[in-house]
Amino acid sequence: MPGKADLPEKICVVCQRVFHWRKKWQRVWQDVKYCSERCRRSRGKSIGEITVEQ
């Protein structure tokens, strides 16, 4: 099994964090834009609004 450093990675369009490939994204990796469900839901908000929302 490859290590985490060997997996493909992308940058989240909402929070700008780097995230790595996950097995559950295996078939749709080219369509994945967000690192988490929270970022997906917050896609229309600015970064400052996301941190205040906690």
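Is Cys35 buried or exposed in this chain? At 15% relative accessibility, Cys35 counts as buried, where buried denotes under 20% relative accessible area, exposed over 50%, and partly exposed the range in between (1.4 Å probe, protein chains only). The model is predicted, so that local features require pLDDT of at least 70 and side-chain atom pairs count only at pLDDT 80 or more, while totals for chains, interfaces and linings use all residues. Residues are numbered from 1 along each chain as its sequence is written, and side-chain values use heavy atoms, with hydrogens and water left out.

The chain contains two helices and two strands, arranged from the N terminus in the order β-β-α-α. These elements are DSSP runs numbered from the N terminus, helices being H or I with at least four residues and strands being E with at least two. The chain has 54 residues, of which 20% are classed as buried. Of the contacts (heavy atoms within 4.5 Å) between residues at least 6 apart in sequence, 12% join residues at least 24 apart. The exposed surface of the chain amounts to about 4600 Å², with carbon and sulfur atoms supplying 51% of it; accessible areas were obtained by the Shrake-Rupley method with a 1.4 Å probe, and for residues only the protein chains shown count as cover.

The cysteines were examined next. A disulfide is a covalent bond between the sulfur atoms of two cysteines, assigned here to a pair of cysteine sulfur atoms within 2.5 Å. Zero disulfides were found in a search of the whole structure. Cys12 takes part in no disulfide, and the nearest cysteine sulfur, that of Cys15, is 3.6 Å away. Cys12 is buried, with a relative accessibility of 1%. For Cys35, the closest cysteine sulfur is also that of Cys15, and the distance of 3.6 Å is too far for a bond.

Aromatic rings of Phe, Tyr and Trp (its six-membered ring) were paired if their centres lie within 6.5 Å, with planes under 30 degrees apart counted as stacked, over 60 as edge-to-face and the rest as tilted. Three aromatic pairs result. One of them joins Phe19 and Trp29, whose ring centres are 6.0 Å apart and whose planes meet at 75°, so the pair is edge-to-face. Because Phe19 belongs to strand β2 (residues 18-20) and Trp29 to the loop between β2 and α1 (37-41), this pair ties together parts that are 10 residues apart in sequence. Phe19 and Trp29 are both buried, and ring pairs link them with Trp25 into a cluster. The charged end of Lys10 sits over the ring of Trp29, 4.7 Å from its centre; the criterion is NZ of Lys or CZ of Arg within 6 Å of the ring centre and within 35 degrees of the ring normal.

Most residues other than glycine have a negative phi. Gln16, in the loop between β1 (9-11) and β2, has a positive phi near 65°.

Two salt bridges were identified, each defined by a side-chain nitrogen of Lys or Arg within 4 Å of a carboxyl oxygen of Asp or Glu. Glu37 and Arg40 form a salt bridge with an N to O distance of 2.2 Å; the two residues are three apart in helix α1, and therefore separated by about one helical turn. Glu37 is partly exposed at 39% relative accessible area, as is Arg40 at 35% relative accessibility. A salt bridge also connects Arg41 with Glu37, the closest N and O atoms being 3.8 Å apart. Salt bridges that share partners thus join Glu37, Arg40 and Arg41 into one network. Arg41, at 63% relative accessibility, is exposed.
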